Amino acid sequence: MPQNLDAVAVRAWCRLALDALGRAREEIDSINVYPVADGDTGTNLYLTVESASQAVDAAFTGHEPALPSLAETVRAMAHGALLGARGNSGTILSQLLRGMAQVIGGADDEAREADHAGHAGGTVLERALRQAAESAYQAVAHPVEGTVLTVATAAARAATGTAGDCGTVARAAYEGACTALAATPGQLAVLGRAGVVDAGGRGLVAVLGALVAALAGETVAPRGAESPHSRVAAVDCEESPGDEGGPAFEVIYLLEADDAAVARLRTRLDRLGDSLVVVGGDGLWNVHVHVDDAGAAVEAGVEAGRPHRIRITHFGVGDAHTTAQPPRERAQRAIVAVVPGEGLAGLYAEAGATTVPARVGEPPASGELVDAIRRAHAREVVLLPNDAELRHTAAAAAEQARTEGVRVALIPTRSAVQGIAALAVHEPDRRFDEDVVAMTSAAGATRYGELAVAERQSWTMAGICQTGDMLGLIDGDVAVIGSEVARTAVSVLDRMLSAGGEMVTLVLGESVPDTVAELLEKHVREAYLAVDTVVYRGGRQAALMLIGVE
């Protein structure tokens with residue numbers, strides 16, 4: 001069966017790319033030496049793709065129960081990347097995705113035919129990859145070989161003339177990108193001396209590998225930090241741009257302006273600094289530049305149009321979100337937690353935590369976690385994601401906060417009840433490492449369960465469930481299928497307590513009556529004499545029921 005690109009495949013691509021960058025983020029950060037050795041390329045690429053993925057998810061949500069068209073999906077992907085682009089490589093990646101969207105979601109006969117059919121074939125993907133590389137080169141004021149631009153061009157060339165479906169074209173592009181990436185140390189002196197490949201190019205290889213996986217269902221082997229694709233022997237190269245020093249500030253902002261104003265802005269910013277990348281179009285642009293005079297770069301944007309989401313970073317210092325007010329004193333330590341439900345948010349806040357709401361179907365972005373860490377305003381922060389699906393998001397947020405001078409420890413809590421257990425042993429006066437170890441141990445010693453309603457017929461570990469069935473999950477897997485809340489909860493509790501336990505924590509959703517809590521407390525009291533039970537109300541936006549056994 002032909003492997004062609006449709007809306008579902010684009011969504012899968014975004015999610016797989018986000019997962020791949022999450023796994024490779026630290027490796028990519030560690031090899032980031034060009035254009036500035038600030039160790040954030042992997043994090044910036046992750047945040048950019050995260051924004052693209054969320055925009056695609058929103059497009060699907062907006063069309064339910066139908067699906068968005070292919071054109072709508074790729075445009076959402078490109079627009080999300082534009083809004084969330086971070087750093088030099090993230091900004092270039094957003095333009096690569098925009099270039100692809102211009103072809104796949106374009107107005108020519110082949111693109112219209114593809115959108116009408118609901119999928120694009122191999123020739124459309126070839127053209128999309130070629131347009132992506134060309135538009136990225138045009139967005140960079142002074143393109144340099146041995147960078148992500150070189151890798152993107154090699155991918156497009158390798159795909160050109162490939163006979164076959166999208167899966168075949170994507171595989172050819174991926175292989176071409178891998179070959180080009182391995183050659184980057186010989187093209188850029190700073191890479192050769194450091195013995196690494198280009199970090200942005202390494203990220204693009206991960207994104208193209210995700211495209212292969214989305215189309216062909218293949219698992220593309222990750223390029224590990226110790227493989228020759230990331231670290232190489234130092235080589236001798238000719239001198240190249242970026243080898244010596246550079247401006248003190250990175251300035252990024254979104255800009256609403258017309259094409260003529262942006263053309264003038266490019267000229268002005270090019271005189272002010274380097275690493276200039278301006279991407280976007282149709283009235284909305286993302287501007288990235290390295291300068292010594294950050295105020296002048298922002299002023300140029302004001303004269304061109306309406307800049308917003310202005311971000312100024314002083315290299316080596318962290319964020320320069322400066323204000324005229326003197327900085328308030330930082331607390332020594334704080335807890336930041338992702339919490340489902342207003343009731344639990346209140347409970348965590350009473351314990352001194354800064355909370356981030358987890359809305360049903362809308363997991364928080366890493367930017368929200370970073371904002372919460374900033375609000376906590378502490379030198380040391382313990383981060384509790386309380387969801388296994390947030391591990392990469394939380395890791396990216398922690399890394400971003402560390403660049404701003406905050407010491408962050410991420411405890412991989414998978415449920416809010418594990419977070420409650422961690423909070424219970426938190427002692428702010430203890431040494432940071434000791435506190436983190438104690439909280440991690442408490443969380444790890446807490447098994448977690450959940451009650452949920454099946455949204456559709458599906459195979460589970462406990463058998464086939466039907467729409468509307470009550471599902472009892474233990475440690476993330478379906479263990480019980482029932483028809484009624486109380487009985488299903490009792491079955492889940494009995495299974496969890498069969499391995500022992502000292503304390504049961506129940507968090508009830510808004511729709512669960514108090515009589516259910518009373519029944520469960522009575523059951524535990526009578527069947528498990530040495531086990532205590534504590535009950536909390538999750539409130540609105542909470543899960544139907546969370547169960548913890550310590």
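**Exercise 1. Find out how many disulfides the whole structure holds, then look at two cysteines.**

Step 1: a search of the whole structure turns up zero disulfides, a disulfide being a pair of cysteine sulfur atoms within 2.5 Å.

Step 2: this is a predicted model, so local features need pLDDT of at least 70, side-chain atom pairs count only at pLDDT 80 or more, and totals for chains, interfaces and linings use all residues. Residues are numbered from 1 along each chain as its sequence is written, and side-chain values use heavy atoms, with hydrogens and water left out.

Step 3: check Cys166, which is buried at a relative accessible area of 0%. Buried means under 20% relative accessible area, exposed means over 50%, and partly exposed is in between (1.4 Å probe, protein chains only).

Step 4: now try Cys465, which is buried too, with a relative accessible area of 2%.

**Exercise 2. Place Leu215 and list what it touches.**

Step 1: find helix α10, where Leu215 lies. Helices (H or I, at least four residues) and strands (E, at least two) are DSSP runs, numbered from the N terminus.

Step 2: Leu215 has a relative accessible area of 10%, so it's buried.

Step 3: skip residues up to four places away in sequence, and Leu215 touches Gln3, Asn4, Leu5, Ala9, Leu125, Cys166, Gly167 and Ala170. Contact here means heavy atoms within 4.5 Å.

Step 4: pick out Cys166. Leu215 and Cys166 are 49 residues apart in sequence, yet 7.1 Å apart in space, C-alpha to C-alpha.

**Exercise 3. Describe the nonpolar cores.**

Step 1: get the term straight. A nonpolar core is a set of buried Ala, Val, Leu, Ile, Met, Phe, Trp, Tyr and Cys residues joined through side-chain atoms within 4.5 Å.

Step 2: the largest nonpolar core has 84 residues, and Leu5, Trp13, Met77 and Leu129 touch the most other members.

Step 3: zoom in on Leu129. Leaving aside neighbours within four places in sequence, Leu129 is in contact with Met100, Ala156, Ala159, Val169, Ala173 and Leu208.

Step 4: apart from the largest core lies another one, of 26 residues, including Leu493 and Val531.

**Exercise 4. Compare what lines the two largest cavities.**

Step 1: count them. There are three cavities of 30 Å³ or more. On a 1 Å grid over the protein atoms alone, a cavity is a set of points where a 1.4 Å probe fits but cannot get out, and lining residues have an atom within 4 Å of a point. Grid points are joined across faces, edges and corners, and a volume is the space filled by probe spheres set on the points.

Step 2: take the largest cavity, with a volume of about 120 Å³. Of its 13 lining residues, Leu96, Met100, Leu129, Leu204 and Leu208 lie nearest its centre. Helix α4 gives the most to this lining, with four residues.

Step 3: sort that lining by class: 13 nonpolar, no polar and no charged. Ala, Val, Leu, Ile, Met, Phe, Trp, Tyr, Cys and Pro count as nonpolar, Asp, Glu, Lys and Arg as charged, and the others, Gly among them, as polar.

Step 4: the second largest cavity has a volume of about 90 Å³. Its lining has 15 residues, with Pro35, Asp38, Asp40, Thr41 and Asn88 nearest its centre. By class, that's four nonpolar, eight polar and three charged. Again α4 gives the most, with three residues.

Terms used: 1 Å grid on protein atoms, 1.4 Å probe; cavity = no way out; pocket = protein on both sides within 12 Å on 5 of 7 lines; lining within 4 Å.
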